[in-house]
Amino acid sequence: MPVSVPLSALVAALVGAGGTLAVLLSAAKTLGATEAETSSWVCGVFLGVAVTSAYLSIRYRMPIVTAWSTPGAAVIAGFAQGVTMPQAVGAFIVVALLTLLCAALRPLAGLVARLPSGIAAGMLAGVLLRFVAGIAEQAVVSPLLVLPLVVLFLAMRPFAPQLAVIAALAAGLAFALALGAPLPALGDLSFSRLVLIPPEFDLGVLASLGLPLFVITMASQNLTGFAVLKAYGYPPPARAILASTGLASLVTAPFGSLTVNLAAIVAAICTSPEADPNPATRWRTGPFYAFFYFLLALAGASMVAVFAALPPALIATVAGLALLSPLTGALAAAMVDDKHRLAAVATFATTASGASAFGLGAPVLGLAAGLAVAGFARLRS
């Protein structure tokens, strides 16, 4: 076995977990989660990723790896003010059930796939914009902490784009220590524990949070993940992937965990020839990836404790840097199709505004605005 197989899996796990954990913790903070609930959230979603990645890769002999929806976490962090953890758990359960329905009912999966990609990308870009814009805001407040991290990120990105966020996080941790951040002592660190959170099903939350989570997870994660597998010559077992991730999400949701879905960004690390020159044996990156996520699940409580001690400016900067590439891709995808370009811009502008009405958040209003513009455009044809 080439040494590149476990190394690629390790890099993918570190990029997926360390590079975007700040976004996940921002989402938990918005929901008012306690440290125990946040630890349970991280542990549950990491376990879901580990189990589904191992099962799918071994069962189908393909490098099928899963993750959680970073854009979905961004939706929560940016637009879920006033939502409680039990209400969010109810939304997570509904998203998992909708994913299972997509696996069971081919027409429903086809309906999601027919959503104009430009409109879905516009909604995603609108969600991510405020996080990336937060880098500039934090640079004004804490320039000595933020600007060196941005410079390091930009300097590393042309040579090692997968490690650029990790490098910024490591440097930020060093800066925080130098500035006197009170990090927890080794004796205060502990293993993760799952905490059961009884769900609450609030119709307003299901509409304003659950629906955007489902659409963004399907459009920006699952469909993109299918495309990555196809690009490297692997025909994705779409319904099996949706069934596995939907079931894992349904099991972990009561512990506060966000939806598990097919990986999109880190999938390219595990499916590329650099991981294993032999496409027939490249699936072995999946079990290694799962093993590293299992270790990260055990250390989830300690990771949460360390991140909680870091300066808010550092967390916001790392989250913004982690979402810079997804924002770039979403903006590019929103502008590709000339037929839906105006609808995509309307979706982006409405979502980015942060406006809410009738109990519905900006992502839902943005989606409605985009579909309305697209509908009027079809009247001429």
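Here are legends for five close-up views of this predicted model.

**View 1. A look into the largest nonpolar core.**
This core counts 113 residues, and the members touching the most others are Trp 41, Phe 46, Ile 76, Tyr 289 and Tyr 293. Helix α10, spanning residues 203-231, gives the core its largest share, with 11 residues. Nonpolar side chains tend to be buried together in soluble globular proteins.

**View 2. Zooming in on Tyr 293 and its contacts.**
Who does Tyr 293 touch, once residues up to four places away in sequence are set aside? The partners of Tyr 293 are Ala 13, Gly 16, Ala 17, Phe 46, Val 49, Ala 50 and Trp 68. You've met one of them already: Phe 46 is, like Tyr 293, among the core members that touch the most others.

**View 3. The second largest pocket, with helix α2 at its lining.**
Rolling a probe the size of a water molecule over the atoms shows where empty space is left. In this pocket, that space comes to about 630 Å³. There are 24 lining residues, and Leu 25, Ser 26, Lys 29, Pro 312 and Ile 315 sit closest to the pocket's centre. Sorted by class, the lining has 13 nonpolar, 7 polar and 4 charged residues. Helices that each supply at least two lining residues include α2 (21-30), α3 (35-60) and α15 (312-322). As for α2, 7 of its 10 residues are buried, so you can call this helix mostly covered. The buried ones are Leu 21, Ala 22, Val 23, Leu 24, Leu 25, Ala 27 and Ala 28. After α2 comes Gly 32, with a positive phi near 75 degrees.

**View 4. Ser 249, tucked into helix α11.**
Find Ser 249 in helix α11, which runs over residues 238-252. Is Ser 249 buried or exposed? Its relative accessible area is just 1%, so Ser 249 counts as buried. A polar atom of the Ser 249 side chain lies 2.7 Å from the backbone oxygen of Thr 245. Leaving out residues up to four places away in sequence, Ser 249 also touches Ala 96, Thr 259 and Val 260.

**View 5. Asp 276, a buried residue in a loop.**
Asp 276 sits in the loop between α12 (267-271) and α13 (285-298). With 2% relative accessibility, Asp 276 is buried because the cut-off is under 20%. The Asp 276 side chain makes polar contacts with the side chains of Thr 281, at 2.7 Å, and Arg 284, at 3.4 Å. Beyond its neighbours within four places in sequence, the residues in contact with Asp 276 include Pro 2, Ser 4, Val 5 and Arg 282.

Definitions and conventions: Residues numbered from 1 in each chain as written. Predicted model: local features only at pLDDT ≥ 70, side-chain atom pairs only at ≥ 80, totals over all residues. Heavy atoms only, no water. Core = buried A, V, L, I, M, F, W, Y, C linked by side-chain atoms within 4.5 Å. Buried < 20%, exposed > 50% of the residue type's maximum accessible area, 1.4 Å probe, protein only. Helix = DSSP H or I, 4+ residues; strand = E, 2+ residues; numbered from the N terminus. Contact = heavy atoms within 4.5 Å. 1 Å grid on protein atoms, 1.4 Å probe; cavity = no way out; pocket = protein on both sides within 12 Å on 5 of 7 lines; lining within 4 Å. Points joined across faces, edges and corners; volume = space filled by probe spheres on them. Nonpolar A, V, L, I, M, F, W, Y, C, P; charged D, E, K, R; others polar. Polar contact = N/O pair within 3.5 Å; in protein donor to acceptor, adjacent residues only side chain to side chain.
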